[in-house]
Amino acid sequence: MKLVPLGDRVVLKQLVAEETTKSGIVIPGQEKEKPQQAEVIAVGPGTDKVKMEVKVKDKVIYSKYSGTEVKLDDEKFIVVKQEDILAIIK
């Protein structure tokens, strides 16, 4: 199956959080916070008022409490409105 977003919505796949810091310190499970970085998997067509500014394979930062989590074929995705995407990582 495939997720096809409607309107100004974007399907994201959350990037995996690192388990150690750059200096080699291991982060315990409960101390890890859900990362707010994701890869764009699919982009809706936009609307008359909203031009889509992200594209598939972009790495983005999105709002912490935004979107709807969806599980499809044992994979988790997040569907957000484009306005909930704060920045594109280049």
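Let's start in the middle of the sheet, where β1 and β2 run antiparallel and are joined by 5 bridges. Strands here are DSSP runs of E with at least two residues, numbered from the N terminus, and two strands count as paired if DSSP finds at least two bridges between them. One pair to look for is Val10 with its bridge partner Val43 in β2. Before going on, please keep in mind that this is a predicted model, in which local features need pLDDT of at least 70 and side-chain atom pairs count only at pLDDT 80 or more, while totals for chains, interfaces and linings use all residues. Residues are numbered from 1 along each chain as its sequence is written, and side-chain values use heavy atoms, with hydrogens and water left out.

Moving on from β2, you reach β3, which pairs with β2 in the antiparallel sense over 3 bridges. Here Gln37 has Ile61 in β3 as its bridge partner, and Glu39 is matched with Lys59 in β3.

Now step back to the whole sheet. It is open and has 6 strands in the order β4-β5-β1-β2-β3-β6, with antiparallel pairing. At the edges lie β4 (68–72) and β6 (85–89), each of which pairs on one side only. On average, neighbouring strands are turned by 40° against each other, direction ignored; the axes behind this angle are lines fitted to C-alpha atoms, and angles run from 0 to 180 degrees between N-to-C directions.

In a regular strand the side chains alternate between the two faces of the sheet.

Next, the nonpolar core. The largest one has 11 residues: Val10, Leu12, Ala38, Val40, Met52, Val54, Val60, Tyr62, Ile78, Val80 and Ile85. Such a core is a set of buried Ala, Val, Leu, Ile, Met, Phe, Trp, Tyr and Cys residues joined through side-chain atoms within 4.5 Å. Buried means under 20% relative accessible area, exposed over 50%, and partly exposed in between, with a 1.4 Å probe and protein chains only. Two or more core residues come from each of β1 (9–14), β2 (37–43), β3 (59–62) and β5 (75–81). Core member Met52 has contacts (heavy atoms within 4.5 Å) beyond its neighbours within four places in sequence, including Val10, Val43, Pro45 and Gln82.

Finally, visit two loops. Lys57 sits in the loop between β2 and β3 and has a positive phi of about 80° although it is not a glycine. Lys57 counts as exposed because its relative accessibility is 64%. In the loop between β4 and β5 you will find Asp73, a residue other than glycine with a positive phi near 55°. With 52% relative accessibility, Asp73 counts as exposed.

Methods: Helices (H or I, at least four residues) and strands (E, at least two) are DSSP runs, numbered from the N terminus.
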